[in-house]
Structure formats: C-alpha cells, structure tokens
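Student: I have a model open in front of me and I'd like to learn how to read it. Could you walk me through a few features?

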Amino acid sequence: MDEILDIGKDDKASYNLGLTPLHPPQKSVIRTVLGINLLVLLIGIGFADVMLAKEAELTPLGIFLGPAAILALIIFIMLPERKYRRWGYDMAADQLRVLRGYLFRTDTVVPFNRIQHIDVAQGPIQRFYGVSTLIVHTAGTHNSVVDLPGLKPEDAEAMREEMRKHIKQEMI
Amino acid sequence: MSDIADPVPHTPAADNADVMEDDAAVLRLHPLSLLLSFLKLIPQFIYIIPALFFGMSKGGALVFVLPAIGALILVSVAISYLKWRRFSYQVGEEEIRISSGILSRNKRSIPYERIQDVNVEQKLLARVFNLAAVKFETGSAGSDDGVLNAVSLDEASRLRDIIRQRKAGIASNTMADADSPATPDAASAEEEEEDTPIFIMDDKRVFIAGLFNFSLIIFAVLAAAAQNFDFLIPDEIFDRDYWIERVDAGKQITGLGLWSQILGLISAVIGLVILGLSTGVITTFLREYGFRLDRTKNGFRRRRGLTTLTDVVMPLHRIQAATVLTGPVRRRFGWHHLKFQSLASDGGKESDHSVAPLATTDEMDRIMAEPEIVREAAAEYLPVRQAYWIQPVIIYSALIAAIGGALAWFLDARLLWLLALILPIIFFMRLHWKHHKYVLTGGQLFVRSGFWRQKLTILPIRKVQSVDIYQSFIDRALGNVSVVLGVAGGSGIIPLTVHDIYEEDGYTLRHALLKAVV
C-alpha cells in the first residue's frame with residue numbers, strides 16, 4: 001500500500017507512474033483498431049470529397065481527402081505508441097490498480113475483496129495478436145466494470161486465480 | 001473468421017492455468033435451447049415482410065429478394081448454433097465458470113461467496129419444452145451477472161441445490177447471513193405491525209415539506225400541453241388584434257399609471273408564488289401522505305402515499321451510505337431530508353431510499369443510529385482548491401465573451417452588457433466552491449456539496465467499492481486531482497466525488513480509504 005502511494009509521488013515523470021506496462025503486442029491491437037476506425041472515416045471523407053467535386057463541382061478533387069489522409073497517417077503512426085505507454089497496472093497483494101489515459105487520466109484501485117466476479121475476454125483482433133482483457137465487476141454503481149486490456153493470456157488467467165483466492169467471505 | 005475453426009491452438013496455456021477446475025465437467029445448455037433461441041428470433045424477421053412486399057411490387061427484384069431472405073435466415077440459424085456450441089459452463093469447487101462468445105470469447109468466473117441468490121425462471125415457451133433459465137445474482141452493479149438461458153428443469157434445480165449447499169458451507173464458517181430476498185422480510189414485517197414507528201410525518205409536517213417543494217413545473221406542463229393540444233385552443237388566442245380589441249390592453253395599462261403597474265407586477269409575482277407552493281404541497285401530499293418508518297427485525301420498513309400506498313423494506317446490511325439534503329432556506333428552519341443509499345436488489349428497484357423527507361437533526365440522528373452512521377463529523381471539514389470555482393468561471397467567461405462580443409460586433413454595441421453576466425457566475429461558482437468540503441474521520445467519509453441543493457453524503461469507508469484518482473491535463477498543470485468513489489447503489493451518473501484537491505492529499509485520502517477495506 002505504501003508503495004503505491006510512493007509510486008504516485010515519485011515516478012510522476014514516467015509515462016505510467018512506473019507501473020507494469022501492458023503486454024507489447026497490445027500496441028498492435030491499438031494500432032489495428034485505430035487503423036480500422038481511420039479507414040472508415042477516410043472512406044466517408046473520400047466519398048464526400050468525390051461527390052462535392054464530381055457531382056456538385058464545388059471543390060477541386062481531393063481538397064478534403066488529401067489533408068485528411070495525411071493527418072490520418074500521422075495519427076496512425078504517432079498515437080498507438082503514446083496510447084500504449086499511458087497504460088499501466090499494478091497487481092498488489094490485495095488490490096488491483098489500473099492507470100489509463102493521458103489528457104484525462106484515471107487511476108483506479110479495486111480491492112480484491114470488493115470484486116464480485118471476473119471475466120477474461122478475448123476479441124478476434126486480440127486473439128490474433130495474443131492478448132487478453134481482464135474485466136473485474138464490482139458492486140459500485142460507478143466503476144461497476146473495470147477493464148484491463150492487453151495482458152498476456154497466461155497472466156490474465158493467473159491474475160484471475162490470484163484474485164479469486166483473495167475474495168473473502170465478507171458480504172457487502 | 002478463421003478463428004472460428006481453430007479455437008483450440010490459441011488457448012493451451014489458458015487451459016493449463018485452469019487445471020484446478022478441469023475436473024469439473026464442461027457442460028452445455030440444453031440442445032432444445034437452440035430451438036428456443038431461434039423462435040425468439042422470429043419476431044425480428046417480421047421486419048422482412050415489408051421488404052418482401054417491396055420486392056414483389058418491383059416484380060423482377062423478387063429473384064433477388066427471396067434468396068437474400070433465405071440467406072439471412074440461414075445466417076441467423078448458423079449464428080444461434082455457433083453461440084450454443086461456444087457456450088459452456090462448469091460447476092467447480094469454488095466457482096461457476098461460464099465461457100461464451102463466437103468471435104469475442106469471454107470466460108466468466110463467479111465465486112460462490114459472491115452468489116447472493118439463484119433464480120430459476122420458466123417462461124411460457126421454456127415451459128413447453130420443460131426448460132428453465134438459471135440466473136446467478138451477485139452484488140455487481142451490472143445487470144448481466146451470470147445467466148444460463150436454457151437448461152433442463154432437473155439441471156436447474158440441481159444447480160440451485162449445489163449452490164445453496166456450497167453457500168451454506170461458506171456461511172456456516174462465517175457470520176454472513178445470506179441476503180434474504182425482500183418478500184420474507186415483508187412477511188416478517190407484517191407480523192411486527194405493533195412496532196413503534198421510528199419516524200412519522202403528520203399532515204402538518206407533510207404540508208411544510210410541500211412548501212419547500214415549491215415548483216413551477218406546472219408551467220412546463222401547461223406549455224407542453226399547449227404544444228401538443230394547440231388544436232383545442234381557438235385561433236384567436238394568438239391573434240394580437242383580438243386581444244387589443246377585447247381588453248384594449250395598451251390604453252388601459254398605460255392609463256393606470258406607474259403605481260398600478262407596479263401593483264400589477266406584485267400581484268402577478270404573488271400569484272406565481274401561490275401557484276408554485278400549491279403545486280409543491282399537492283405533489284408532496286400525494287407522495288408522502290401518512291409517512292411512517294418502522295424499525296423491523298432486519299432493517300427498516302417505510303409506508304407512504306395517498307393514492308398509491310407504497311410499502312418498502314430496507315434490510316440494514318444493504319444500506320451503503322446516508323445522504324442529508326437541505327437548502328439555504330430549509331436549513332434556517334432546521335429541516336433536512338434524509339436518504340439512504342441502498343444496494344438495489346432483485347433488479348430494477350429504487351436504490352435511493354428516502355427515509356425522512358422532512359426531519360430535524362435529532363430525528364435524523366435517531367434513524368441513522370440504526371445502521372450506525374454518525375452525522376456529525378468529529379473533525380473540521382477541509383476545503384477544496386480554488387480551481388474548483390476558477391476553472392468553470394474561466395470557461396463560462398470565455399464563452400460569454402465570445403458570444404457577447406460577436407453579437408455586439410454584428411448587431412448592436414449595447415449587447416456588450418451581456419458580459420455583466422460573468423459577475424453572477426463568479427458569485428455563484430464561489431458559493432458552490434465554499435459549500436464543497438470533505439473530511440475523513442471516524443471511519444466515515446463526509447462530502448458536502450452544493451449551495452442551493454445542499455447535499456451531505458456520509459459513507460462508512462468499509463462500503464467503498466473502488467477508488468479512482470482522476471486528473472485532466474489542466475488539473476495536472478495545477479497539481480490537482482479529483483477522487484471518485486465507487487459505491488453500491490445510488491446514481492451512476494454523478495458518482496460521489498471530492499473535486500480538485502492537491503495531488504498529495506488525493507493519494508493520501510485514497511490510501512486511508514482503502515486501508516479499511518483490504
């Protein structure tokens with residue numbers, strides 16, 4: 001517990017307060033998901049661009065699509081790495097800590113004996129890259145679900161076992 | 001899509017980790033559940049009928065439409081089948097495990113300690129096939145805890161028995177008396193009819209409560225009605241000439257002179273006040289008439305209502321936090337509204353229980369003594385940082401300056417007076433800040449907030465479910481954080497938050513809050 005407190009004070013300079021980083025392939029997951037979203041957006045912009053240029057003859061072809069594509073490329077290259085390194089978690093003796101986000105950073109602690117049930121989930125993209133998401137459910141209306149994506153599947157399973165051992169009898 | 005075909009090679013490691021549970025048989029839902037889930041799909045196919053007609057009317061397109069519908073049905077059936085194939089559950093030594101999902105796989109683990117109740121449900125269709133749905137309820141705030149949609153009736157009762165036994169085994173080791181469902185509580189409360197109530201409101205009290213519920217909502221209702229039923233209103237009502245003709249208003253009003261105009265204004269205001277007060281009194285009487293709170297064996301029982309009488313039981317161990325609401329005027333008279341935030345059970349019930357709509361501090365203390373919540377903080381409340389009011393003031397001021405400036409530029413320079421709006425915003429935001437205070441003492445977190453709607457939340461820290469430290473990029477520059485608490489029950493939209501305190505204080509607060517939990 002004291003460690004956690006200290007980490008928050010001392011390692012402020014580091015991207016994720018010195019917590020455990022996610023499994024590296026998670027970077028690829030973030031990039032793939034981002035890529036798909038950007039592609040969909042670009043197709044939409046491209047369609048509008050062509051319509052405005054060819055049908056309405058209002059604008060020169062590519063005036064929207066060009067800059068958008070360049071911007072998308074920059075985002076695609078820069079963002080995943082940054083997103084990835086802002087994540088962190090810490091599996092302490094009796095609580096799980098999850099840190100996420102940068103502009104709006106949330107640092108959540110869930111004590112093990114407040115966990116109601118636990119999921120280990122894996123979507124198709126995650127499976128391709130070999131990462132899992134650990135999801136803990138609490139009784140709180142706020143934070144009823146806390147997601148920790150980008151774990152090595154073995155680690156996720158091991159963490160689940162560890163937490164389950166700690167779930168005490170105390171009823172809420 | 002290829003991952004449907006080879007789900008196994010990717011998960012050997014996962015299976016190794018499961019060794020402990022592997023001796024528990026992997027079970028599937030009843031095959032007939034396939035039929036059930038397909039029957040449930042049928043209503044969705046109704047949307048196809050218009051498409052069919054459209055296709056027919058186009059003639060040639062029919063060749064196109066029919067195969068498309070066929071394919072759609074085929075795909076739905078395939079999906080239902082795959083879902084069934086990929087859904088399995090295990091009844092282990094310590095937990096229930098549920099695996100589900102076609103593309104996105106999810107493995108849920110529900111420890112027996114956390115299962116509060118097992119519900120066996122038989123809907124009409126399921127009954128025909130002698131199937132039942134088994135629902136495991138844990139205390140989690142989400143609605144989908146663990147559901148086995150269709151198992152045979154025998155399997156359902158087997159599961160229920162196993163879980164009750166396991167739970168009983170756990171319970172005998174500990175104090176944990178299982179959360180009993182509301183009905184037995186209600187029944188036992190019935191027997192204790194003779195109990196002396198812990199809090200009652202007579203008609204006079206309800207009337208006073210009504211006065212504080214001043215509301216001009218009636219105008220909103222009338223406006224909405226006018227919108228929707230304008231066909232009932234004669235056309236002339238919107239016709240200016242009609243009114244001038246009728247009352248010759250302009251001449252009459254100016255003719256009356258200044259004093260009469262003021263008198264008219266005053267009487268209009270008085271009229272509004274009377275209307276607002278009577279609306280408050282009427283709605284309050286409808287809701288709170290005959291308010292009575294009893295202490296029963298397990299907790300509280302509340303009865304109230306004029307037209308619809310409601311009767312609610314609140315087991316003590318489900319109470320999570322207390323909320324004391326008041327306002328600047330009400331407070332002066334010593335009146336408060338006490339609520340208990342309680343764990344919603346059995347789905348969909350209110351989780352914010354009003355236990356004393358208008359009470360004195362003594363009356364509140366008597367009620368709060370039962371769940372052992374102390375109302376008076378033993379230590380001084382701590383203020384939050386000034387950023388709490390300065391930040392919104394800057395944002396609103398910028399907004400007003402932009403809008404006011406633009407309007408003044410384009411329309412009329414006098415519109416610059418709009419900037420004066422910033423002054424009251426500063427005033428009220430500061431008031432708002434002054435009323436936001438917190439203190440952690442005696443095992444309880446006290447959080448005050450709001451100037452007009454003054455709210456004091458008292459949270460025994462053993463009821464804390466999770467603690468967030470939140471920091472936006474502006475907060476970071478200022479060295480501030482907000483501490484957001486996960487509490488069972490209550491509003492999910494506005495969680496209990498201590499806004500804008502020093503980063504260090506935030507971490508210390510979290511540390512202290514969690515020390516009691518772990």
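**Reading the model, feature by feature**

Tutor: Let's start with chain B as a whole: 39% of its 518 residues are buried. Keep in mind that this is a predicted model.

Student: How many helices and strands does chain B have?

Tutor: Chain B has 19 helices and 21 strands. You can also look at how far apart in sequence the contacting residues are. Among the contacts in chain B with a separation of 6 or more, 57% link residues 24 or more positions apart.

Student: How do I read a single helix, say α16 of chain B?

Tutor: Begin with length, then look at burial, then at the neighbours. Helix α16(B) covers residues 387-410, which is 24 residues, and spans 34 Å from first C-alpha to last, close to the 34 Å expected at 1.5 Å a residue. Its buried residues include B:Trp389, B:Val393, B:Ile400 and B:Ala408.

Student: What do the buried residues of α16(B) pack against?

Tutor: They pack against α17 (422-434), α18 (473-478), β20 (480-487) and β21 (496-502), all of chain B. Try the routine again on α3(B), residues 32-45: it has 14 residues and reaches 20 Å, close to the 20 Å expected. The buried residues there are B:Ser33, B:Leu36, B:Leu41 and B:Phe45.

Student: And a pair of helices? At what angle do α2 and α3 of chain A cross?

Tutor: For a pair, check the axis distance and the crossing angle. The axes of α2(A) (residues 26-55) and α3(A) (residues 65-85) come within 9 Å and cross at roughly 165 degrees. Angles over 145 degrees count as roughly antiparallel, so α2(A) is roughly antiparallel to α3(A). The crossing is right-handed. By class, this contact has 15 nonpolar, 3 polar and 5 charged residues.

Student: Which residues meet there?

Tutor: From α2(A), they include A:Ile30, A:Leu34, A:Leu38 and A:Ile45, and among those they meet in α3(A) are A:Ala72, A:Phe76 and A:Leu79.

Student: What about backbone angles? Which strand holds B:Asp500?

Tutor: B:Asp500 lies in strand β21 of chain B. Its phi is positive, about 50 degrees, although it is not a glycine. With backbone angles, check the surroundings too: B:Asp500 has 7% relative accessibility and counts as buried, because the cut-off is under 20%.

Student: Is A:Asn143 buried or exposed?

Tutor: A:Asn143 is buried, at a relative accessible area of 10%. Its phi is also positive, near 65 degrees, in a residue other than glycine. A:Asn143 sits in the loop between β5 (132-138) and β6 (145-151) of chain A.

Definitions and conventions:
Residues are numbered from 1 along each chain as its sequence is written. Chains are lettered from A and ligands numbered from 1 in the order in which they are written. This is a predicted model: local features need pLDDT of at least 70, side-chain atom pairs count only at pLDDT 80 or more; totals for chains, interfaces and linings use all residues. Side-chain values use heavy atoms; hydrogens and water are left out. Helices (H or I, at least four residues) and strands (E, at least two) are DSSP runs, numbered from the N terminus. The expected span of a helix is 1.5 Å times one less than its number of residues. Buried means under 20% relative accessible area, exposed over 50%, partly exposed in between (1.4 Å probe, protein chains only). Contact means heavy atoms within 4.5 Å. Axes are lines fitted to C-alpha atoms, for helices over the stretch in contact, and angles run from 0 to 180 degrees between N-to-C directions. Angles under 35 degrees count as roughly parallel, over 145 as roughly antiparallel, 65 to 115 as roughly perpendicular and the rest as oblique. A crossing is left-handed if the near helix is turned anticlockwise from the far one by less than a right angle, and right-handed if clockwise. Ala, Val, Leu, Ile, Met, Phe, Trp, Tyr, Cys and Pro count as nonpolar, Asp, Glu, Lys and Arg as charged, and the others, Gly among them, as polar.
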